[in-house]
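Welcome, and please open your viewer. We will go from one selection to the next and say what is there.

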Amino acid sequence: MKLFTSTLEQMIFLFALILIGYLVVKLGVVPKNASGILAKMENNIFIPALVLGTFLKNFTVDTLQSAWKLLLVGFAIILVSIPITKLICKCVTKDDYIQKIYTYGLVFSNFGFMGNAVVMSLFPNYFTDYLIFTLPFWTVIYLVGVPRWLIPNENEKGSSSIKDSLKSFLNPMFVSMLVGMILGIVLSSLDLTPDAANPLMKVITVAGDCMSPIAMLITGITIAGYPFKKMLLNPGIYVVTAFRLLVYPAIALLVFFFLKPLAIPEYIVVCTVCLMAMPLGLNTIVVPSAYGKDTSVAAGMALVSHLLSIGTIPLIFMLLQNFVL
């Protein structure tokens with residue numbers, strides 16, 4: 001029950017920030033395109049700082065021994081979930097474009113913005129593991145998710161080549177992760193720890209602390225750009241949201257429940273359930289809108305799933321604590 005309460009409090013806190021982001025747009029305090037500016041700061045400054053600081057402090061030679069297990073489980077989940085998700089989405093809608101939006105949202109939850117914030121607050125000891133665990137998902141996002149499902153196909157403007165997909169790996173988050181891994185291993189092998197009082201470390205820490213609140217503000221500002229009525233009238237949104245918030249995490253809980261005799265490491269269980277319990281991601285709004293596509297369905301997915309996740313995430317974590325861990 002303690003984890004349920006802690007999670008609920010954290011979800012209320014995060015949703016309050018989403019609400020603030022929504023209100024500042026509706027009240028005209030900031031322009032609707034403010035999310036684009038904040039997203040650039042988030043992706044180029046705050047997330048890289050958080051990732052760099054985390055790996056710098058926690059990535060050691062011992063961490064490498066568990067990394068391959070996290071990567072293996074991550075890739076396994078993706079390989080299993082993609083064909084199942086495609087089948088589900090074909091049953092929900094016959095529209096090819098909407099199918100791709102639903103597929104992306106179900107395969108890739110908001111494990112970045114929301115997931116990082118939740119894990120960092122509730123399971124800080126596993127945050128490094130969680131970042132490693134999400135690497136396969138980022139990889140498939142860059143190679144398949146965005147170029148194949150969110151960017152218009154080759155007959156439309158803005159098609160993306162495999163070369164462009166590979167170039168996307170040279171982004172601030174991956175670079176900061178690699179730098180943090182290298183420095184973390186070097187420092188740990190020399191029995192050195194980063195000095196928190198160092199001015200550079202202070203900058204990294206403070207910038208990283210901005211990640212969660214800015215991410216939630218971006219969510220609210222993004223949703224505010226779309227009319228409520230149009231977002232909420234599509235019944236497929238609720239079906240997809242139910243699978244994302246309840247069915248998928250429930251399957252993960254059941255699998256780990258029956259595998260308890262095998263003594264699966266707790267960090268793998270926590271990382272998997274956390275990722276599976278997150279709401280639908282925001283890339284389904286951001287990327288297609290850059291190519292002039294209708295993103296009202298994606299905005300509805302984001303609104304409904306993030307709103308309902310206030311209750312479903314604490315519930316999933318309570319079940320995790322009581323029946324799996």
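Is Asp96 buried, partly exposed or exposed? Select Asp96: its relative accessibility is 47%, so Asp96 counts as partly exposed. The terms work like this: buried means under 20% relative accessible area, exposed means over 50%, and partly exposed lies in between (1.4 Å probe, protein chains only).

Before going on, a note on the model: it is predicted, so local features need pLDDT of at least 70 and side-chain atom pairs count only at pLDDT 80 or more, while totals for chains, interfaces and linings use all residues. Residues are numbered from 1 along each chain as its sequence is written, and side-chain values use heavy atoms, with hydrogens and water left out.

**Stop 1: the salt bridge**

Keep Asp96 selected and add Lys100. These two form a salt bridge, with 3.6 Å between the closest N and O atoms. The rule asks for a side-chain nitrogen of Lys or Arg within 4 Å of a carboxyl oxygen of Asp or Glu, and by this rule the count comes to one salt bridge. Side chains of opposite charge can pair when their charged atoms come close. Both residues sit in helix 4 (residues 96-107), and because they are four residues apart, about one helical turn separates them. Lys100 is partly exposed, at 22% relative accessibility.

**Stop 2: the whole fold**

Now zoom out and show the cartoon. The protein has 16 helices and zero strands. Helices (H or I, at least four residues) and strands (E, at least two) are DSSP runs, numbered from the N terminus. Along the principal axes, the C-alpha atoms fill a box of roughly 55 × 45 × 40 Å. The radius of gyration is 19 Å, which agrees with the value near 20 Å for a compact globule of 325 residues; this radius is taken over C-alpha atoms, and the globule rule is 2.2 Å times the number of residues to the power 0.38. Of the 325 residues, 52% count as buried.

**Stop 3: the core**

Select Phe108, Phe123, Val273 and Phe317. These residues have the most contacts inside the largest nonpolar core, which has 105 residues. Helix 16 (residues 296-324) gives the largest share of this core, 13 residues. Such a core is a set of buried Ala, Val, Leu, Ile, Met, Phe, Trp, Tyr and Cys residues joined through side-chain atoms within 4.5 Å.

Stay with Val273 and look beyond its neighbours within four places in sequence: among its contacts (heavy atoms within 4.5 Å) are Ala252, Phe256 and Phe317.

Next, select Thr7 in helix 1 (residues 2-26). Thr7 is buried, with a relative accessible area of 0%. Outside its neighbours within four places in sequence, Thr7 touches Leu122, Ile313, Pro314 and Phe317.

Then pick Ala277, which is in helix 14. Ala277 is also buried, with a relative accessible area of 0%. With neighbours within four places in sequence set aside, Ala277 is in contact with Leu245, Pro249, Ile313, Ile316 and Phe317.

**Stop 4: a covered helix**

Colour helix 5 (residues 113-122). How many of its ten residues are buried? Eight are, and the helix is mostly covered. The buried ones include Phe113, Asn116 and Leu122. They pack against several helices, among them helix 1, helix 2 (34-58), helix 14 (266-277) and helix 16.

**Stop 5: out to the surface**

Select Leu246, Val247, Ile251, Val255 and Leu315. Together they form a nonpolar patch on the surface, with about 370 Å² of accessible area. Areas come from the Shrake-Rupley method with a 1.4 Å probe, and for residues only the protein chains shown count as cover. Patches are made of residues with over 30% relative accessible area and no salt bridge; like charges are joined within 9 Å, and nonpolar side chains (Val, Leu, Ile, Met, Phe, Trp, Tyr) within 5 Å. Helix 13 (residues 235-258) supplies the largest share of the patch, four residues. One of the patch residues in helix 13 is Val247, partly exposed at 32% relative accessibility.

**Stop 6: a loop and a helix start**

Follow the chain to Ala263, in the loop between helix 13 and helix 14. Ala263 has a positive phi of about 55° although it is not a glycine. Ala263 is exposed, with a relative accessible area of 60%.

Finish at Val61 in helix 3 (residues 61-92). Val61 and Val186 are 125 residues apart in sequence, yet 8.9 Å apart in space, C-alpha to C-alpha.
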